[in-house]
Amino acid sequence: RSPSRGLGDVYKRQDQIIKQFKYEKLSQEKTKTLAISFMEMNMLFIAKDLMDKLDESSEKCYLLSEVSLKLVECADVIYFCNQAIDLYDIKGEDKLPFLYLKMRAYQLENKKNEELRMAKQMAFYNPSYMNIKGKLKR
């Protein structure tokens, strides 16, 4: 079996799973659990599709940011993080996970100044978070 054929089978299976869950009525908790499971299995499009079904919340923004980072959709990462921080009035150390995801997105885009700006904000709130102090010294 050729590698490309195997990959086609994976995409076909993902499409089938997406169609199955599109019409199934699941609780918010089950939807979130499934979305996280699919993200951990790198079935990112299924995960994102399920996340879209979640009620609006900072947690939904975080999950969408995380899956967008894995998909290297950096503009989406930044958008969802900003949306969470602004709409849900996230302050202080609670901003750290969002700042970290934004920093990673800027890193992937090779935007050093923005990456450094995020790292400094993180260090301000908690210098030991994700070993940010060590990263700033480099």
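The side chain of Lys60 reaches the backbone oxygen of Asp52, at a distance of 3.2 Å. In this predicted model, Lys60 lies in helix α4, which spans residues 58-70. Lys60 counts as buried because its relative accessibility is 7%, below the 20% limit. Leaving aside residues up to four places away in sequence, Lys60 touches Met51, Asp52, Leu54 and Asp55. Asp52 therefore appears both as a residue touched by Lys60 and, through its backbone oxygen, as the partner of the Lys60 side chain, a pair that counts as a polar contact because 3.2 Å falls within 3.5 Å.

The secondary structure of the chain consists of eight helices and zero strands. Along the sequence, the pattern reads α-α-α-α-α-α-α-α. The chain has 138 residues, of which 38% count as buried. Among contacts in the chain with a separation of 6 or more, 49% come from residues 24 or more positions apart.

Two helix pairs that include α4 were examined. Two packed helices are described by the angle between their axes and the distance between the axes. For α3 and α4, the angle is about 160 degrees and the axes are 10 Å apart. Helix α3 is therefore roughly antiparallel to α4, since angles over 145 degrees are classed in this way. The crossing of α3 past α4 is left-handed. On the α3 side, Leu44, Ala47, Lys48 and Met51 take part, and these residues meet Lys60, Leu63, Leu64, Val67, Ser68 and Lys70 of α4. Lys60 is thus one of the α4 residues that meet α3, and Met51, which belongs to the α3 side, is also among the residues that Lys60 touches.

For α2 and α4, the axes come within 11 Å and cross at roughly 15 degrees. Helix α2 is therefore roughly parallel to α4, the angle being under 35 degrees. This crossing, too, is left-handed. Lys32, Ile36 and Met39 of α2 make the contact with Glu59, Leu63, Glu66, Val67 and Lys70 of α4. Leu63, Val67 and Lys70 are listed in the contact with α2 and also in the contact with α3.

Side chains of opposite charge can pair when their charged atoms come close. The count of salt bridges in the model is eight. One of them joins the side chains of Glu59 and Lys32, with an N to O distance of 3.2 Å. This pair links distant parts of the chain, as Glu59 is in helix α4 and Lys32 is in helix α2 (residues 28-40), 27 residues apart. Both residues are also part of the α2 and α4 contact. Their exposure classes follow from the computed areas: Glu59 is partly exposed because its relative accessible area is 42%, whereas Lys32 is buried because its relative accessibility is 16%. Salt bridges with shared partners join Glu59, Lys32 and Glu29 into one network.

A further salt bridge is formed by Lys48 and Glu73, whose closest N and O atoms are 2.5 Å apart. This pair also links distant parts of the chain: Lys48 is in helix α3 (residues 44-51), Glu73 is in the loop between α4 and α5 (74-87), and the two are 25 residues apart. Lys48 counts as buried because its relative accessibility is 15%, and Glu73 counts as partly exposed because its value is 26%. Lys48 is also one of the α3 residues that meet α4. The side chains of Lys91 and Asp89 form another salt bridge, with an N to O distance of 2.8 Å. Lys91 is exposed, as its relative accessible area is 55%.

Positive phi values were found at two residues in the loop between α7 and α8. Met130, a residue other than glycine, has a phi near 50 degrees. Met130 lies in the loop between α7 (112-125) and α8 (132-137). Met130 is partly exposed because its relative accessible area is 39%. Asn131 is likewise not a glycine and has a positive phi of about 55 degrees. Asn131 is found in the loop between α7 and α8. With a relative accessible area of 51%, Asn131 is classed as exposed, because the limit for that class is over 50%.

Conventions. Residues numbered from 1 in each chain as written. Predicted model: local features only at pLDDT ≥ 70, side-chain atom pairs only at ≥ 80, totals over all residues. Heavy atoms only, no water. Helix = DSSP H or I, 4+ residues; strand = E, 2+ residues; numbered from the N terminus. Buried < 20%, exposed > 50% of the residue type's maximum accessible area, 1.4 Å probe, protein only. Polar contact = N/O pair within 3.5 Å; in protein donor to acceptor, adjacent residues only side chain to side chain. Contact = heavy atoms within 4.5 Å. Salt bridge = Lys/Arg side-chain N within 4 Å of Asp/Glu carboxyl O. Axes fitted to C-alpha atoms, helices over the stretch in contact; angles between N-to-C directions. Parallel < 35°, antiparallel > 145°, perpendicular 65-115°, else oblique. Left-handed = near helix turned anticlockwise from the far one by under 90°.
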